[in-house]
Each structure stands twice: as C-alpha cells, then as structure tokens.
Amino acid sequence: MQRLIPTGEAARPVAFAEVPQPVPEPGEVLVKVEAFAPNRGETFLLEAPAPGFLPGKDVAGLVVQEAADGSGPAVGTRVVGHPARGGWAEYAAVPVHSLAVLPDGVDGVRAAALPLAGITALRLLRTVGAPAGLRLLLTGASGGVGHYVTELAVAAGAEVTAVTATPERGARLAELGAHVVHDVAEAAGPFDVVLESTGGPDLPLALAKARPGGTLVWFGQASRTPATLDFFALLGGPERVVIRHFHYAGAPYGPDLATLVRLVDQGRLHPEIGRVASWELTADTLVELRERRIRGKAVLLTGEARD
C-alpha cells in the first residue's frame, strides 16, 4: 500500500512510500482510509520528525478486517477513527475503543474533520463546566477547535468572544453567534473563563481579561513562543485567578466521537472545512496549514474517494 512518510523538509514535509499493510492488534480493526485530516500540531512535529514517526490521527473510511477479539464493527461498516498514528495511508489499524460508526447522513469528509479538534472542544467545555450564562473568551479561534468550541458553547448558552487574526477568519464565528475581535486587547472583559491557545504575549493579555476568581484554561501555544507572567500585574485585575493546563489526550475516544457524529447527523454541529483535496496535494496543504492560510480544517481524499 501507499503511505505518506516524513521527509524532514520544510517545503515538502511528506512523500509517498510503498509499504506493507499494517497488521492490526487483537483489539483493532483494519480501515481502508477514504479521508484524513491533518492537524497543525502534526505540521510542527514534521519539522524535525522523530525516527519512525508516522503521522495521521484523524481518519474516516471502511472497515475491511474485523478485530480479532470479536469487538468492534463488522466488515463493510463506515467509521471515523482516532488512531495514535499512521492514518495518512491507504489502510490504518484503529483501536476499537477509538472509533465510531457513521450513519448514512454523515459523509467521510465531515467525519474526518471531527476527531482531534472535536474531541478537544468537547473536553475543553467539560473542563469549563456548564457553559450556560458564562462569559467566555477564546483566543486563536479560527482553527478547527475554535469553530467547534464556539458552536457548542453558544448553543449551550455561553456568551462567546472569539479572537481571530483577520475579519475573514472570524466571519463564520460571527455567524455562529460569537462576538469577534482581532486583538486580545480589544476583548471587553471581564470573562468568567478564558480558553487560551496562542501563548506568547497573548496569554498574559488574555489572563488580564479574566474576572477575579475566574479561570484560564491553557490548551495550546500556536505562537510557539513561551509566555511570561507578572505576579504583581494580577493584583490589579484577576486576583485569585486559576490557571489550568489542558491536553485533550486520553483514550478511549470512541464515546466522544459518537457524540460528535450524532451532533453532526442532527444538524447541531457543522465542521468548518477550508480545503478538500486529493492526498497527492498533502505536502502543499501541510505548508498552508502550518502558515495559517486555511480556515478551519483541511481534508485529504485517498484512492477512489477522490473520484
């Protein structure tokens, strides 16, 4: 089969290689991948890939081999999955605990855009607690996580202010019901909760927008710049604020994937997909994604799915 593997080159981060099909573990199914969605974090890992690194955590496709232990869906079932690695290939081994069955109303493109970003959004909002009535500030909001958080939080009754770099990148967030600003300093606090994903100089600015006793959940560092905090600056604003470090990871992912699929099927969640292309254009797409030139998610199609 064909698989995309790292090259270590910034301009062409991946290339095709002919490799054997993966051999699933007893609790895994073999999926014929029809679509996959890269994540921006994966583009960073590709800059200096570790030996043996096989990217690919968000896939949708067809089960072609059932799990040997008898768990999981049957051959011919359409699924979305979140394997630990190796999804940018014609076939991927996916743990049964990290996949969900797709109904007829959810296509593979939207399904592939769900896993990492959607699971992150769900788990972020669980960290926050019941969103109804909360004033919520979200930085770095124009990516996949930001769109899911905004739609879910607004639907649950939160008042969301979303920070995006440009009006164009914030247009759909405004349609979803968020108040959009283009600089953290423009956000009109105080906020009960700040969801911060950029790091660098934006984190202390966002923290200053929290109410006394409020919470900042730090879930990313898209700027790739460490943040510096001033203890005394907090005394003039968000005193007693709680800063929580957040990382989405932790299997099983299947229940959260099933929730996301159900919301999409019911028309209550709408993946923002900025690009759909053949996986032959993966290298170019990764560069565009790394440079933030794609709004929302990018989805790549393999094999017959391109036709």
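Let's start with a crossing: α3 passes α4 in a right-handed crossing. Keep in mind that this is a predicted model. I'll take three helices, α3, α4 and α8, and then one loop residue.

First, the geometry of that crossing. The axes of α3 and α4 come within 8 Å and cross at roughly 45°. That angle makes α3 oblique to α4.

Which residues in α3 and α4 meet? From α3 we have Ala-117, Gly-118, Thr-120, Ala-121, Leu-122, Leu-124 and Leu-125. Facing them from α4 are Gly-144, Val-145, Tyr-148, Val-149, Leu-152 and Ala-153. By class, this contact has ten nonpolar residues, three polar ones and no charged ones.

Now α4 on its own. This helix has twelve residues. From first C-alpha to last, α4 reaches 17 Å, close to the 16 Å expected at 1.5 Å a residue. How many of its residues are buried? Ten of the twelve, so α4 is largely enclosed by the rest of the structure. The buried stretch starts with Gly-144, Val-145, Gly-146, His-147 and Tyr-148. Val-149, Thr-150, Glu-151, Leu-152 and Ala-153 are buried as well. After α4 comes Gly-157, with a positive phi near 100°.

Back to α3, and on to its other partner. The axes of α3 and α8 come within 10 Å and cross at roughly 100°. The two helices are therefore roughly perpendicular to each other. On the α3 side, the contact uses Pro-115, Gly-118, Ile-119, Leu-122, Arg-123 and Arg-126. On the α8 side, it uses Asp-256, Leu-257, Thr-259 and Leu-260. Sorted by class, that gives five nonpolar, two polar and three charged residues.

You have heard Gly-118 twice now. This residue is in helix α3. Is Gly-118 buried or exposed? Its relative accessibility is 0%, so Gly-118 counts as buried. Leaving aside neighbours within four places in sequence, Gly-118 is in contact with Tyr-148 and Leu-260. Tyr-148 is one of the α4 residues that meet α3. Leu-260 is one of the α8 residues that do so. Here is a distance, too. Gly-118 and His-147 are 29 residues apart in sequence, and their C-alpha atoms are 9.1 Å apart in space.

Next, α8 itself. It covers residues 254–265, twelve in number. Its span, first C-alpha to last, is 16 Å, close to the 16 Å expected at 1.5 Å a residue. Which residues of α8 are buried? They are Gly-254, Asp-256, Leu-257, Leu-260, Val-261, Leu-263 and Val-264. A general point helps here. An α-helix has 3.6 residues a turn, so residues three or four places apart point the same way. What do the buried residues of α8 pack against? Two strands, β5 and β7, and the helices α2, α3 and α4. Just after α8, Gly-267 takes a positive phi of about 75°.

Last, the loop residue. Ala-68 sits in the loop between β4 and β5. Its relative accessible area is 71%, so Ala-68 is exposed. Ala-68 touches Pro-26 and Glu-28, not counting residues up to four places away in sequence. Where is Ala-68 relative to Gly-144? The two are 76 residues apart along the chain, with their C-alpha atoms separated by 34 Å.

To recap: α3 lies oblique to α4, and α3 is roughly perpendicular to α8. Gly-118 is buried, whereas Ala-68 is exposed.

Key. Residues are numbered from 1 along each chain as its sequence is written. This is a predicted model: local features need pLDDT of at least 70, side-chain atom pairs count only at pLDDT 80 or more; totals for chains, interfaces and linings use all residues. Side-chain values use heavy atoms; hydrogens and water are left out. Helices (H or I, at least four residues) and strands (E, at least two) are DSSP runs, numbered from the N terminus. The expected span of a helix is 1.5 Å times one less than its number of residues. Buried means under 20% relative accessible area, exposed over 50%, partly exposed in between (1.4 Å probe, protein chains only). Contact means heavy atoms within 4.5 Å. Axes are lines fitted to C-alpha atoms, for helices over the stretch in contact, and angles run from 0 to 180 degrees between N-to-C directions. Angles under 35 degrees count as roughly parallel, over 145 as roughly antiparallel, 65 to 115 as roughly perpendicular and the rest as oblique. A crossing is left-handed if the near helix is turned anticlockwise from the far one by less than a right angle, and right-handed if clockwise. Ala, Val, Leu, Ile, Met, Phe, Trp, Tyr, Cys and Pro count as nonpolar, Asp, Glu, Lys and Arg as charged, and the others, Gly among them, as polar.
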